[in-house]
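Got your viewer open? Let's take a short walk through this one, starting wide and then zooming in.

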Amino acid sequence: MIIAPSVLNANFLNLEADIKAAEKGGADWIHLDIMDGNFVPNISFGPGIAQQIRKCTKLPLDCHLMIERPELHIAAFAKAGVEYITVHAEATKHLDRLLNQIKELGCKAGVAINPATSLDSITDILDLADMVLIMSVNPGFGGQSFIPYSLDKVKRLRAMKPDLQIEIDGGINLKTLPQARDAGVNIFVIGSAIFSAKNIEQETKNYRNIV
C-alpha cells in the first residue's frame with residue numbers, strides 16, 4: 001500500500017518543508033500533477049520544478065501528465081529524475097508506442113483514464129503498463145469530491161489483472177481511502193487532505209495508519 005501525496009496543494013513558497021513533513025509522516029512517493037491548460041483547464045508546473053523537487057527528496061517521484069501530446073515532454077521529465085511517468089489514454093493517438101518510449105527512457109510507464117473513459121480503451125495495453133491510474137474526479141483541480149462509480153472500474157480492473165499496480169487520484173480522504181483500498185487500489189494519491197492540514201506530518205501518519 002503506497003501513499004503518494006500530491007504537491008499540487010502544497011505551499012510552493014515552503015515546498016521543501018512540506019515535502020519533508022510528508023516524508024516524515026510516512027509518505028512512500030511524491031506525486032506530481034502536471035497540467036497544461038489544454039488537456040485540463042488548469043496550469044501547474046513543468047520539468048524544471050520537477051527537477052527541483054528531485055533535489056528535495058529521495059522518495060520516488062510519480063509524474064502524472066495531464067497534458068496534450070505527452071510524447072513531446074516525457075524525455076524532459078525523465079531527465080528531471082522522475083521514476084514513474086503516467087500519461088492519459090485520451091491524450092495520445094499511439095498509446096502503445098508512448099508506453100514503450102517511457103520505458104526506453106528508464107522510467108516506469110503508467111496509463112491514466114478519466115471518469116467517463118471506459119476500461120475497454122486500455123485493455124489491450126495492460127501488459128505494457130506498470131501501473132494504471134483511475135481518476136476519481138475530473139482532472140484539472142484539487143479539492144474535488146470523489147466520484148463513487150470509479151470504484152467499479154477498480155474492481156473490474158483488479159479482477160482482470162490481479163498483480164497490477166492500481167492508483168487512484170481525486171477526492172481521497174480518510175473516508176474514501178478505505179473504500180478504494182477495499183475495491184483493490186494499492187496506490188493512493190492524496191492532495192489537499194494532506195497539504196491543507198495544519199500538521200502535514202501527522203496527517204500523513206493518519207493515512208499511513210489506515211492502509
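The tour goes from the whole chain to one helix and its neighbours.

**Stop 1: the whole protein.** Keep in mind that this is a predicted model. Show everything as a cartoon and you should find eight helices and eight strands. Turn to the C-alpha trace, which spans about 45 × 35 × 30 Å along its principal axes. A compact globule of 211 residues would have a radius of gyration near 17 Å, and the protein has 16 Å, which agrees.

**Stop 2: inside and outside.** Colour by burial: 54% of the 211 residues count as buried. Now switch on the surface, whose accessible area comes to about 9,300 Å², with 48% of that belonging to carbon and sulfur atoms. For the charges, pick out the 21 positive and 24 negative ones; their mean positions are 4 Å apart. As for contacts, among those between residues at least 6 apart in sequence, 64% join residues at least 24 apart.

**Stop 3: helix H4.** Select residues 95-104. Which residues of H4 are buried? Show side chains for Leu 95, Leu 98, Leu 99 and Ile 102. They sit on the same side of H4, because they cover an arc of only 100 degrees around the axis. The general rule behind such patterns is that an α-helix has 3.6 residues a turn, so residues three or four places apart point the same way.

**Stop 4: the neighbours.** Add helix H3 (74-80), strand S4 (84-88) and strand S5 (108-113): the buried residues of H4 pack against these.

**Stop 5: just past the helix.** Finish on Gly 106, just after H4, where phi is positive at about 90 degrees.

Terms used
Residues are numbered from 1 along each chain as its sequence is written. This is a predicted model: local features need pLDDT of at least 70, side-chain atom pairs count only at pLDDT 80 or more; totals for chains, interfaces and linings use all residues. Side-chain values use heavy atoms; hydrogens and water are left out. Buried means under 20% relative accessible area, exposed over 50%, partly exposed in between (1.4 Å probe, protein chains only). Helices (H or I, at least four residues) and strands (E, at least two) are DSSP runs, numbered from the N terminus. The arc is that of the directions from the helix axis to the C-beta atoms. Contact means heavy atoms within 4.5 Å. The radius of gyration is taken over C-alpha atoms; the globule rule is 2.2 Å times the number of residues to the power 0.38. Accessible areas come from the Shrake-Rupley method with a 1.4 Å probe; for residues, only the protein chains shown count as cover. Lys and Arg count as positive and Asp and Glu as negative; His and the chain ends are not counted. The place of a charge is taken as NZ of Lys, CZ of Arg, CG of Asp or CD of Glu.
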